[in-house]
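User: I'd like a close look at a single part of this model, with the surroundings filled in. Please keep it relaxed and spell out any cut-offs.

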Amino acid sequence: MRIFQKRRYLFAFIITAAIFFIGFFFGFLMDLQRVNYFTDMNNVETLNIKSLELQQQLLKDNAFDNQCNAFRFMFDKAIVELENNRDRLENYNLQSKVKQADFDLLMREYTISQINFLSIAKNLKTSCANSSDFVTVLYFYSDQATCPMCENQATVLDYYKMHLKQNILIFAINEKMDKTEPLIALLKNVYNVTKYPTLVVENDVYSGYIDKDALNKILCGQYKSNDTRSLICG
Amino acid sequence: MIGWIEILQDIVYFFSLYYVVFWVLVLLDDEPNSKKLKGHPEVSIIIPAYNEEGNIVPTLKSVEAMDYPKNKLSIYIIDDGSTDNTYKEALEYSKLMLKNDNYKRVVVFTQKNQGKYAAMNAALKMINTEFFASLDADSMPSKDALKKLMECFGNKKVAGVSPVLKVYKPSNMIQTIQFFEYTINHFYKSVINRLDSVHVLPGPLSVYRTAIVKKVGCFREAHKTEDMELAMRIQKAQYKIVQCNGAFVFTKTPYTIKSLYRQRHRWNYGTFRNLIDYRKMMFNRKYGDFGIFQLPMIMLSGLLGIIVLGLMIHAFWKSITPNLKLLQLYNYNILALIRDSSINMIWLDIDLRALITFVIVFSLTLMIVWMSFRLYKQKYGLKTTLPFIFYLFFYYLFLAVVWLGVFKDYIIGTKVGWRK
């Protein structure tokens, strides 16, 4: 019988498991940091919304004369932050191994913030019509298994966001959120969303995948200023 | 959310880490004291050659240059039906050898091409020395290699002693990458030597105890990897195989990626088939660490390599696809895409777990490389930095491709040749 040190195999297993445990611990710490970051960010978003709503009310009441451009600037800044954080939150949620419930809750809060911004954006179009040459797009999507074309649709929307910047406001809504947030179920009912992807450009509903050229035609008709039209209408 | 890809990644990380941790634990143990063989017993050196025109004479010259007493050496050169001038060159040089030195015997003969194992067995029938060495006709031992190898036969149970292989004059990127591979392989073999688990006696100057080799049944065809199969049989018969760390042999290595692929495919295919043939030794406590650790690890390393290759392709494809699609929407105008892009990153975006894993694996790899260079008595040259980077990041992916080819050929039943 040859030498076989069972102890060495066991030691190696314990050390490997310990290193793995440290790895998981770091993963947990990372998740915790991310949740804390988004909790803080969410407080900022809530304040932003409150501030924007108040500003909008004051604009409506003509308390702020000719301040639409300044308001638009603040609105754009806030919405860029919101979009970046939503993307980030979605990625973190996918990577999360331990704080899944917290991320789901944060996703819900961000979705509500998005709808708030959508509402402000729609009001902005009436209260500051001259400085509001932007299009709002509500994008309902699902995961890869139930919506294989959603990834392509997201890329097309990314393209227009990169190209048109603040002239297009995209609000991405994960269909799964309707289980936790009644507001999403309501929106789905309002726009009669039954399949994915679905785009709501201003108030027009487009079900199914819309490619770059088709979306170009839809968007082109929405802009008023020549500057913006030249960016998209060729 | 943990998907099957993440589970697979964790399994790969765990096994790889376990393997490295086990190595480190083995290294922390005291090296076993082995009794040295004194004196210079008679040795027969068998040099099988197939189409080694241009190589055979430098090999014979290196044998001549060895500091082992010539009157204790018998040389057998077997031309295995070469289609070039190997036989003629060997015959002419052997006459010079006999004229210049007092070798016990220098025999050159030719036979119909039957393969290396048949050439070795043909020579084995003629020898009557206690020890014999096999020497590939494209390899050149260092001056003191045989002396050092013979010292390792102090224990009567030692059936074979393996030398340390070095790449002969690496002259291009492919050969320099192999230089790093051989260096680290040497370290790996010295670790498994401590576990009494050496699984191959390579062609370039492995020395055998003749009686044991004859007892276990000489060389076999063994899927063109006779050196590995014989080592397996020796281990199965409960004899010892030792790695001799000071005995260096220089060997010529493939020069092109195609020839490297073919060589590694033959080695790995043979290894895989032999592992299947000797599967009963796997996880068998009767064979100690060799059965419990070494054999399953060889099998697993091929499989893990393929899984890692698959995971890397998946990760690469996943990261590149959205950008490719975006580029397509920009009508492949990269400048326009760059102009419209913006960088938006915070430290929380870093996947800390992946980063830590990478840092641990990379640090351990560098530590092993450093230890390998020390053991190999080799200095690191700055000029070799590029091949070193290629070795670290791409060579194992290449080996995974080789393993993929091996599994494919095994499944569809392709025959593998050994000719150059």
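What follows should centre on α4(A) and the two helices packed against it, α6(A) and α10(B).

Analyst: First, some housekeeping. This is a predicted model, so to speak about local features I need pLDDT of at least 70, side-chain atom pairs count only at pLDDT 80 or more, and totals for chains, interfaces and linings use all residues. Residues are numbered from 1 along each chain as its sequence is written, with chains lettered from A and ligands numbered from 1 in the order in which they are written.

Let's start where the chains meet. Chain A puts 34 residues in contact with 29 residues of chain B (contact means C-beta atoms, placed from the backbone, within 7 Å). On chain A's side, α1 (6–60), α2 (68–95) and α4 (150–164) each supply at least two residues. Those element names are DSSP runs numbered from the N terminus: helices are H or I with at least four residues, strands are E with at least two. The biggest giver is α1(A), with 15 residues. Sorted by class, chain A's side comes to 16 nonpolar, 11 polar and 7 charged residues. Here Ala, Val, Leu, Ile, Met, Phe, Trp, Tyr, Cys and Pro are nonpolar, Asp, Glu, Lys and Arg are charged, and the others, Gly among them, are polar.

Now to α4(A) and its partner across the interface. α4(A) packs with α10 (residues 288–329) of chain B at about 55 degrees, and their axes are 9 Å apart. Axes are lines fitted to C-alpha atoms, for helices over the stretch in contact, and angles run from 0 to 180 degrees between N-to-C directions. That makes the pair oblique, the label left over once under 35 degrees is called roughly parallel, over 145 roughly antiparallel and 65 to 115 roughly perpendicular. The crossing is right-handed, meaning the near helix is turned clockwise from the far one by less than a right angle, whereas anticlockwise would be left-handed. From α4(A), the residues involved are Asn152(A), Thr155(A), Val156(A), Asp158(A) and Tyr159(A), and they meet Pro322(B), Lys325(B), Leu326(B) and Leu329(B) of α10(B). The tally there is 5 nonpolar, 2 polar and 2 charged residues.

Within chain A, α4(A) also packs against α6 (residues 212–220), at about 50 degrees and with axes 10 Å apart. This pair is oblique too, and α4(A) passes α6(A) in a right-handed crossing. Val156(A), Tyr159(A) and Tyr160(A) of α4(A) touch Lys212(A), Leu215(A) and Leu219(A) of α6(A). That contact has 5 nonpolar residues, no polar ones and 1 charged. Val156(A) and Tyr159(A) turn up in the contact with α6(A) and again in the one with α10(B). As background, an α-helix has 3.6 residues a turn, so residues three or four places apart point the same way.

One last stop is the loop between α5 (182–190) and β3 (198–201) of chain A, where Pro197(A) sits. A cis peptide bond joins Tyr196(A) to Pro197(A), with omega about 0 degrees. Asn192(A) is in that loop between α5 and β3 of chain A, and has a positive phi of about 55 degrees despite not being a glycine. For reference, most residues other than glycine have a negative phi, and most peptide bonds are trans.

How values were computed:
Two residues are in contact if their C-beta atoms, placed from the backbone, lie within 7 Å.
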